[in-house]
Amino acid sequence: MKLQFKDRWKSEFEKASVETVRMMLSKEPELANEPVNHVTRNGSIRQWGSLYLASVHMKDLEKVKALVAAGANLSNSHLGTHWPSDDYQISRFFIECGIDVNQPSYLGFHGVGVSGLDTFYLMMSNGLDPNFAWPYNGETLLHVQSRHDDDTHLARAYSLIQAGADVNAQAWTGLDDEPIMENEHFITYGRETPLHFAARLGNPRQAQLLVDHGANPILKTVSRRIEPKIFSKWNKEVSFIPWPMKVTGFKRVMFEHSTGETPLEMAIRYNNHSVVKILS
């Protein structure tokens with residue numbers, strides 16, 4: 001690949017017409033997997049994967065089609081997670097191309113929470129695993145929905161439950177043989193269930209939904225995250241994350257044993273009275 005042509009791809013991709021993109025790809029198909037420049041709001045330049053930029057930032061279906069036709073890798077990478085796009089048509093096109101709907105997105109949860117309901121139901125109808133759990137802390141898709149009490153998250157939670165999601169799924173302990181990686185997820189207490197999340201965060205509608213569908217209100221946590229946070233080196237293999245979370249590498253967040261709490265006890269301690277009323 002000529003260096004001059006590669007530089008042009010980096011600098012021109014975002015503003016180039018679809019015709020120009022197709023022309024460049026016809027001459028150098030390997031450009032489809034080369035990073036491109038993106039000018040951020042503050043004027044700085046970052047490099048992303050061209051497929052990520054086209055599908056997530058630009059939502060340009062025709063550029064996405066041109067990239068895929070030229071051989072763009074459909075697996076998410078450290079250059080940006082293009083799957084799923086918030087654009088329904090782009091996500092549908094990816095599925096038609098055979099993309100793995102259960103591949104990790106930026107949050108590690110297949111875009112549940114970063115895509116619209118239409119894309120979520122598209123994913124559900126094309127093989128989304130309702131019991132997927134983040135492999136470095138045990139947090140499930142249902143845990144993620146239980147963080148919020150709005151209609152969208154309730155609809156997702158209900159659909160996951162109807163599809164077979166375990167309402168009593170428990171996160172890892174953070175102790176000994178169940179270490180929890182530092183990440184952008186939400187485990188604070190070992191063995192938390194989705195109901196613990198709803199109780200801790202004060203989400204009565206999620207709590208009611210979970211209880212109505214068999215959530216066990218007497219399951220207890222067994223540990224708690226040490227505060228202020230204490231970290232140690234992450235010694236286990238990291239194979240599920242295709243992008244670096246920090247320049248310094250992965251770390252383990254430390255937990256300690258505790259007597260544990262039920263969702264009701266947690267709701268009482270956090271003064272979430274509306275949830276207390278439901279669980280009482």
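This dialogue explains how to read several features of a predicted model.

Trainee: What should be known about the model before reading it?

Mentor: The model is predicted, so local features need pLDDT of at least 70, side-chain atom pairs count only at pLDDT 80 or more, and totals for chains, interfaces and linings use all residues. Residues are numbered from 1 along each chain as its sequence is written, and side-chain values use heavy atoms, with hydrogens and water left out.

Trainee: How many helices and strands does the protein have?

Mentor: Helices (H or I, at least four residues) and strands (E, at least two) are DSSP runs, numbered from the N terminus. The protein has 12 helices and 8 strands.

Trainee: In which sense do β1 and β2 pair?

Mentor: Two strands pair if DSSP finds at least two bridges between them. Strand β1 (residues 35-39) and strand β2 (residues 45-49) are antiparallel, with 5 bridges. Gln47 in β2 is the bridge partner of Asn37. The hairpin has 5 residues between these strands, and Gly43 takes a positive phi near 90° there.

Trainee: Which strands stand at the edges of the sheet β4-β5-β8?

Mentor: In this open sheet of 3 strands the order is β4-β5-β8 and the pairing is antiparallel. β4 (189-190) and β8 (255-257) are the edges; each has a single partner strand, so one side of each lacks a neighbour in the sheet. Between β4 and β5 (residues 223-225) there are 2 bridges, and Tyr189 stands opposite Arg224 in β5.

Trainee: What share of the residues counts as buried?

Mentor: Buried means under 20% relative accessible area (1.4 Å probe, protein chains only). Of the 280 residues in the protein, 49% are buried.

How values were computed:
Buried < 20%, exposed > 50% of the residue type's maximum accessible area, 1.4 Å probe, protein only.
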